[in-house]
Amino acid sequence: MLSPVQTQSVSPVFVGRDRELTVLRAALDRAGAGEPQALLVGGEAGVGKTRLLEEFLAAACASGAATAVGGCVEIGADGLPYQPVSGALRMLHGALGDELLRAAAGFEDDLVRLLPDLAENPAPAPRGPEYPDEFGRARLFELTARLLERISAERTVVLAIEDLHWADRSTRELLAYLYRALHRARLVVVATYRTDDIHRRHPLRPFLAELDRLRTVQRLELPRLSRDEVRRQMAGILHSEPDHALVERVFRRSDGNPFFVEELACSIHSGCATGLSDSLRDLLLVRVEALPEDAQRVVRVAAEGGSRVEHALLAAVAGLADDDLDEALRAAVGANILLLADGGDSYRFRHALVREAVVDDLLPGERSRVNRRYAQALEERPGLICASDRPARLASYWYHAGDARKALPAVLRASVEARRRHAHAEQLHLLQRAMELWDDVPDAERDQLPAACVTEAYPPVTSGPDGDPAVSDARPHYLDLLAEAAVAARLSEQRERGLTLVKQALRLVDADRDPVRAAWFWTQRSRLVKGLGRGDGREELARAEELVCGVPPSAVHADILVQIAGWEMCHVPGERTLSTAERAVELARLVGAADVELNARVTLATLRVASGEADRGIAELRELARRAEGRADTRALGRAHLNLTHVLEATGRSAEAVAAAEEGLKAAGAAGVHNDAFLTANLAESLTSLGEWERAATLLGSAHDNVRHAGTRGFLTLRSAHLALLRGELDEAERLLGQVRQSAARLGAEPQVLVPVAEAELGIAADRGRYDQARAVLRDALAVPPTLGHHAYWWQLLVRAAAAEGDARGLPGMDAERDGILALLRLRGRALVTDAPVWVAWSRWFDAELARADGRDDPARWAEAAAGFAPLHRPYALARVGYRWAESLLAGGAPDRERAAALLGEAHATAGRLGARLLRQETELLATRARLPLSGAPACPHHPATRADDLGLTPRERDVLRLVAAGRTNRAIAEELFISPKTASVHVSNILAKLGVSGRGEAAAVAHRLRLFGVDAAAG
């Protein structure tokens, strides 16, 4: 018995047709207002026309419309006369019964030609006067239009005709008449047709051209699905989220055709290795097998040529006379199997799966011969194709020809070209083919192969005293292949495959005879282990450093020091890290390793910023970024721009950080490095600081969709979680933070991750009134030591923690531990430097929050904090400080109510502009309670609005919440309010749901934080 997943052939979710469905529903609405609608829906076979029609008809039925569907039948050149219209009218008769008969009354003798149900005898001889044929048909068309107008007078009617490409001429002419003649009816006529079945002489072509001239006819073309839409469709078919590799495989092979997506997903899931089931293969080959013999031969040859084949190359390989080739190609193009491409100079298959089915149908010997002819033709006449395409095409042809001696050098040359283009996934694929071919090529010929082209300080082959290669295996070039493939795997985010290759290399290399090469592979293992979330990579780096100690200086040794300094910079930066980076620079310069030196200098410049030399470090990073662009060093290029944006943001220069990030993304794109998610995350962080929250959210959303690696997605998601928290979208922030936790192993245990995650967790807990949970998060976070370069993250965490303590002041059970918590916060704060204006501003904010939590709130402290943030262009921080300043002024009974009102007005305006929901509500509440005017906030002097109203609490629920906040039990609440304990329990449950909290304590905390029931602020 097959599982439900295996038998599922149609996705239960409807994806990718929102725009088209919106157009159809709008047409339905217009028809309901008495304006008839005519629509044509086109698309290739399997693209989802029927599914779209089904969804639309279901929506029409739900709105009360009567619906009917008629289908054209494929019978010869023309279908059955009027078959689809007759079928639709019969369906309407079944739905409307006598109502349709009354609408046809008086015209039965004519309409019986379309609807035999109108006559007592199923096949009567037409009664009444005999009209000449042209008049009889015109009368039939007019009466059909009148019938449809009558039955749509009281209700909306949807008439759908499927597979119009098979329609007979009479049906086409009747539809054309209806499209023109219907002027006042609650009617929608929609027809579907296959675009790939309409050859040049197809009778539907002039019909469509005629309708295109009518402004009353809308024409929709259904595109194929995008990659994300394919993923969603597969998730519905498989009842689970498919992995990225499977989505990529199905998307590439299906070209986004929904029918092929369904068939491939089900076939692969049920164990079919190729994904092409016998039924699907047969379906794909039907049209090919209907071609003339010469055309079939050309299609088979074209299938082996690639996804696109130039006419001159195809002519050289097909072996047909020019006239015969033209006739064969004309037949294949006319049948919509091949399409003209590149302005008519080449051909491609209409669908990739058709080509795949044709290739799969070839005999092994036939396939080898065709590929050999392609390869020989290219070697004899290289100009047959574009020079940039030649290496990869020649490698593929020789490989599939089965000639290892020709294929191996061709594959290696193609891999070099792929690396030059930064096509690392394709490079890895080619290198794997080279490893497969390796043993089939004689040693003497392998010795003539090109030298290794690995970058990243890969050591050259060295020899022992007797001239033998200094490795355990007498195949140094094979180790080169492994090295290249490992780097390509990592750069293409195929880390699992890369780790396997590195392990294989470490088994082959003799660490005693060639420690430098072994150390290089250990550095690669470090990167891969960290990328896979299986460790932090430090142990592997230690092994590499141990191997190169005591051997002559090398670029590998310098690179190891660079990576160790980089690791320490992210985990435990300090003076020792700065020294390591300096040694790496000196060693790289000594051995002439320019690329390694450039990366070492990026690390050193970043550490200088963290250690207090901000201007010098930033200037060096800018210069290093320019040098990396000039050298096309993508590794140094990415690191220089990434670290530059990080240090600019950390030192409060957010506008400069945005400009640097945009410049970095542009430079990376020009160098062929796309989807730099880390740089995008930095850009979003700086945009958030500057108050450009909408732009940051859009940027993060689009970047997240294009990232495959879980760790990289985690950084983007963390930024999105922080943005949601600032907006007061606590549920969304908690959901996103859950995704971050799932990626925790891939993100790494670095302060730049751990501290922002802790801040987000603490913020969500505090905003929900869960102060005990916030304290637990803080205690765990304080176990992470303060490190250079991470001051901004620490200040934000400490400020949020101090603010939570201030909000919790006075709550039962929260005051006992406060002194200890505040002492820990002060201790950590003293460990942070304040040698940049932004850190000075944060430290002042922190001091003001500590004083508030201690019961020593002072407006002067808030004034100092506001003065610190004022020139830094951080609108949210300034608004939050301004709100606290106003609160402090009012709580102290200060006479400067005008100043408090101005601060609240500024904070409220900023919160509204940014979309900071919680801050906006808090400013409105404080202004209302203090009876201060606030532009844009609701105000009523006799019945002031409260935060309880915003929460949706009824007056009775507010009474109950007041008693809950006072610690009363349900029975005590019932006695005081003269209600039953059961009623009190129901009110408490409703309150918990509306506040989004899990218990009475959290409800009390929220009421306390929002000051729902406190004494009014000084009114003056």
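**Notebook: helices, a charged patch and two loops**

I began with helix 27 and noted that 16 of its 17 residues are buried, so this helix is largely enclosed by the rest of the structure. I keep in mind throughout that the model is a predicted one. I then checked the length of helix 27, which covers residues 555-571: at 1.5 Å a residue its 17 residues should span 24 Å, and its end C-alpha atoms lie 24 Å apart, which agrees.

Next I looked up Ala766, which sits in helix 38 (residues 751-767), and I recorded it as buried because its relative accessibility is 7%, under the 20% cut-off. I also noted that Ala766 and Val1006, although 240 residues apart in sequence, are 9.0 Å apart in space, C-alpha to C-alpha.

Turning to surface charge, I found a negative patch made up of Asp294, Asp322, Asp323, Asp324 and Asp326. Which helix gives the most to the negative patch? I found that it is helix 16 (residues 322-334), with 4 residues. I took Asp322, which lies in helix 16, as an example, and entered it as exposed with a relative accessible area of 56%.

Last, I went through two residues with positive phi that are not glycine. His873 has phi near 55° and is placed in the loop between helix 43 (859-869) and helix 44 (875-891), where I recorded it as exposed, with a relative accessible area of 58%. Arg931 has a positive phi of about 55° and belongs to the loop between helix 46 (917-929) and helix 47 (947-950); I entered Arg931 as exposed because its relative accessibility is 54%, over the 50% cut-off.

How values were computed. Residues numbered from 1 in each chain as written. Predicted model: local features only at pLDDT ≥ 70, side-chain atom pairs only at ≥ 80, totals over all residues. Heavy atoms only, no water. Patch = residues over 30% accessible without salt bridge, like charges linked within 9 Å, V, L, I, M, F, W, Y side chains within 5 Å. Areas by Shrake-Rupley, 256 points an atom, 1.4 Å probe, with all protein chains shown as cover. Salt bridge = Lys/Arg side-chain N within 4 Å of Asp/Glu carboxyl O. Lys, Arg positive; Asp, Glu negative; His and termini not counted. Charge placed at Lys NZ, Arg CZ, Asp CG, Glu CD. Buried < 20%, exposed > 50% of the residue type's maximum accessible area, 1.4 Å probe, protein only. Expected span 1.5 Å × (residues − 1).
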